Amino acid sequence: MDASALKDRLKALQAPLKARYRDDPGAALVTLTADGELDGSGIACRVRTATALAEAGLHPATGGDGSQLCSGDMLLEALVACAGVTLRAVATALGLDVSGSVRAEGDLDFRGTLGVDKEAPVGFRDIRLTFDLRTDASADEVATLLKLTERYCVVLQTLVSSPTTSVSVSVSA
């Protein structure tokens, strides 16, 4: 499908959604969920994805053997996926022919999560998102593409804005 046809298709798909959300803002509020199973064997959590069951475990730097997914890696993978899809959607809407790659890197100090140093942060200290693009778009077009990608990438904006997060538990015998 050529760029013009793809742009028209995206517009056609999104136009009724945009109109509905303008007319009924409440319709735009959707709760996404993720579910995990704590099966009782090993130090792992099975997470249902749209197409598979993924098993997350300890990163090798915290005692894992590397055979299971690391949730820190999964967070970076979610960022790459969202940023990549968002960039492609924005490029399509702008009529830009863009290809290339997306990479996320994050710095962790595992002393924090292992309780070795109470001053060491638990979680990523720094995250870097990098696009390596191939395009004939002008520098101004690429700047607009990046600006809009940053603005509309759900995972990036969630990380940047740190939404209110709550934790609860229910216990049964």
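Reader: Which residue in E3 is the bridge partner of Arg-46?

Author: In E3, Arg-46 has Glu-55 as its bridge partner. The model is a predicted one, in which local features need pLDDT of at least 70 and side-chain atom pairs count only at pLDDT 80 or more, while totals for chains, interfaces and linings use all residues. Residues are numbered from 1 along each chain as its sequence is written, and side-chain values use heavy atoms, with hydrogens and water left out.

Reader: How do you know that E2 and E3 pair?

Author: Two strands are said to pair if DSSP finds at least two bridges between them, and strand E2 (residues 44–48) is joined to E3 over five bridges in the antiparallel sense, so the requirement is met. Among the partners across these strands, Cys-45 has Ala-56 in E3, and Ala-44 stands opposite Gly-57 in E3. The two strands form a hairpin, with four residues between them. Strands and helices themselves are DSSP runs numbered from the N terminus, a strand (E) having at least two residues and a helix (H or I) at least four.

Reader: What makes E1 and E2 a pair?

Author: E1 and E2 share two bridges in the antiparallel sense, a count that the rule of at least two bridges accepts. Here Gly-36 stands opposite Val-47 in E2.

Reader: Why are E1 and E3 placed at the edges?

Author: The open sheet has three strands in the order E1-E2-E3, with antiparallel pairing. Strand E1 (36–37) and strand E3 (53–57) each have a single partner strand, so one side of each is left without a neighbour in the sheet.

Reader: Why are H1 and H2 called roughly perpendicular?

Author: Helix H1 (residues 3–23) and helix H2 (residues 71–94) pack at about 105 degrees, with axes 8 Å apart, where axes are lines fitted to C-alpha atoms, for helices over the stretch in contact, and angles run from 0 to 180 degrees between N-to-C directions. Angles under 35 degrees count as roughly parallel, over 145 as roughly antiparallel, 65 to 115 as roughly perpendicular and the rest as oblique; H1 and H2 are therefore roughly perpendicular. The contact (heavy atoms within 4.5 Å) is made by Leu-6, Lys-7 and Leu-10 of H1 with Ala-89, Thr-92, Ala-93 and Leu-94 of H2.

Reader: What makes H2 and H5 oblique to each other?

Author: Their angle is about 125 degrees, with the axes 7 Å apart, and they are therefore classed as oblique. In this contact Leu-75, Ala-78, Leu-79 and Cys-82 of H2 meet Val-154, Val-155, Leu-156 and Leu-159 of H5. By class, these residues are eight nonpolar, no polar and no charged, given that Ala, Val, Leu, Ile, Met, Phe, Trp, Tyr, Cys and Pro count as nonpolar, Asp, Glu, Lys and Arg as charged, and the others, Gly among them, as polar.

Reader: How do you know that Cys-153 is in no disulfide?

Author: A disulfide is a pair of cysteine sulfur atoms within 2.5 Å, and by this rule the count comes to zero. For Cys-45, the nearest cysteine sulfur, that of Cys-70, is 13 Å away, whereas for Cys-153 the nearest, that of Cys-82, is 3.4 Å away.

Reader: Why is Cys-153 called buried, and Cys-45 partly exposed?

Author: Buried means under 20% relative accessible area, exposed over 50%, and partly exposed in between (1.4 Å probe, protein chains only). Cys-153 has 1% and is therefore buried, while Cys-45, at 24%, is partly exposed.

Reader: What makes Thr-149 buried, and Thr-158 partly exposed?

Author: Thr-149, in helix H4 (residues 139–152), has a relative accessible area of 1% and so counts as buried. Not counting residues up to four places away in sequence, Thr-149 touches Ala-83, Thr-86, Leu-87, Val-90 and Phe-131. Thr-158 lies in helix H5 (residues 154–161) and, at 38% relative accessibility, is partly exposed.

Reader: Why is Ser-162 called exposed?

Author: Ser-162, in the segment after H5, has 57% relative accessibility and therefore counts as exposed. Ser-162 also has a positive phi of about 45 degrees although it is not a glycine. Most residues other than glycine have a negative phi.
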